Amino acid sequence: MAAIVTYLVIFAVISSALAYDPDMLQDLCVADTSAGIKVNGFTCKAETKITEADFFFDGLAKTGKVNNSVGSLVTGANVEKIPGLNTLGVSLSRIDYAPEGLNPPHTHPRATEMIFVLEGELAVGFITTANKLISKTVKKGEIFVFPRGLVHFQKNNGDKAASVISAFNSQLPGTQSIAMTLFTSTPAVPDNVLTKAFQIGTKEIDKIKTKLAPRKS
């Protein structure tokens, strides 16, 4: 019994240690996104091919153009945009909100998120695994934290645009929008799963799927 307990403790410690981006083992490991090799992260670009451009991105400097039904736009600054972030365990995003805009309930499976409000006022919150809502209104210059993996949201309740900068402790935090994940996955989640889970009929399911379906260009 003592051996089993010891094993479980060791397993818990190791699992905790591996729950975040792996530590770097050299000064630089600029992502070689064209390598075509699948690893946990990206393979390293040859040092002779590394330039300052691998560490630069100006995509968060300007306000994003919001043109969707939910009224928000997320601009990522992760390893896919900044190859030099590979193995460094950090990334940023900018989120712009139209008046009454919403960043719908979603999760980041690989990172904790911390937002800094650039402009406006937002109602923000996350839900714990005990189904408790932790929420607050945050204003310009204020910060709010969303723990890793928990469902969270931001809503601009004002009549003016708002924006935030988000920081993550992962080079590629990942995002799963609850509604999009359940109603627009490929292959589709079976209707009988959705009708049972949400206690609604197939007609309502079809309406939701139609509204969430990507726009055809």
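1. Let's start with the annotation. UniProt, in an unreviewed entry, puts the feature "binding site" at Asn103, His108 and Glu113. Asn103, His108 and Glu113 are also included in the lining of the largest pocket. Keep in mind as you read on that this is a predicted model, and that such annotations may be inferred rather than shown by experiment.

2. Of those residues, Asn103 deserves a second look. Asn103 sits in strand β3. Is Asn103 buried or exposed? Its relative accessible area is 9%, and the cut-off for buried is under 20%, so Asn103 counts as buried. Asn103 also belongs to the group of residues that lie nearest the centre of the largest pocket, together with Val70, Pro104, Ser177 and Met180.

3. Now the pocket itself. Rolling a probe the size of a water molecule over the atoms shows where empty space is left. Here the largest pocket comes out at a volume of about 820 Å³, and 33 residues line it. By type, the lining residues split into 16 nonpolar, 14 polar and three charged.

4. Which element gives the most to that lining? The answer is β1, with five residues. At least two lining residues each come from β1 (72-77), β2 (91-97), β3 (102-107), β9 (162-168), α2 (178-183) and α4 (202-212). If you are colouring the model by element, those are the ones to pick out for a view of the pocket.

5. Next, the sheet. Strands of a sheet pair through backbone hydrogen bonds, either parallel or antiparallel. In this model there is an open sheet of five strands, in the order β1-β2-β9-β4-β7, with antiparallel pairing. The edges are β1 and β7 (143-146), each of which pairs on one side only. From one strand to the next, the twist averages 25 degrees.

6. Let's walk in from the β1 edge. β1 and β2 are antiparallel partners, held in register over six bridges. For landmarks along this pair, find Val74 opposite Ile95 in β2, and Gly76 opposite Ser93 in β2. In a regular strand the side chains alternate between the two faces of the sheet.

7. β2 then pairs with β9. Seven bridges join β2 to β9, and the two run antiparallel. One position to check is Leu92, whose bridge partner in β9 is Ala167. How many of the residues of β2 are buried? Six of its seven are, so β2 is mostly covered by the under 20% cut-off. For the protein chain of 217 residues, the buried share is 29%.

8. A few backbone spots are worth checking by eye. Most residues other than glycine have a negative phi, and most peptide bonds are trans. Glu100 has a positive phi of about 65 degrees, although it is not a glycine. Glu100 lies in the loop between β2 and β3, and at 47% relative accessibility it is partly exposed.

9. Gln199 is another such case: its phi is positive, at about 55 degrees, and it is not a glycine. You will find Gln199 in the loop between α3 and α4. Gln199 is exposed, with a relative accessible area of 64%.

10. Where is the cis peptide bond between Thr186 and Pro187? Pro187 is in the loop between α2 and α3 (191-198). The bond from Thr186 to Pro187 is cis, with omega near -10 degrees.

11. One more loop, this time towards the start of the chain. Ala35 falls in the loop between α1 (2-17) and β1. With a relative accessible area of 30%, Ala35 is partly exposed. The C-alpha atoms of Ala35 and Lys45 are separated by 8.5 Å, while the two residues are 10 apart along the chain.

12. Finally, the overall layout, for orientation. The protein chain has four helices and 10 strands. Reading from the N terminus, the elements run α-β-β-β-β-β-β-β-β-β-β-α-α-α.

Definitions and conventions. Residues numbered from 1 in each chain as written. Predicted model: local features only at pLDDT ≥ 70, side-chain atom pairs only at ≥ 80, totals over all residues. Heavy atoms only, no water. 1 Å grid on protein atoms, 1.4 Å probe; cavity = no way out; pocket = protein on both sides within 12 Å on 5 of 7 lines; lining within 4 Å. Points joined across faces, edges and corners; volume = space filled by probe spheres on them. Nonpolar A, V, L, I, M, F, W, Y, C, P; charged D, E, K, R; others polar. Pairing = 2+ DSSP bridges. Axes fitted to C-alpha atoms, helices over the stretch in contact; angles between N-to-C directions. Buried < 20%, exposed > 50% of the residue type's maximum accessible area, 1.4 Å probe, protein only.
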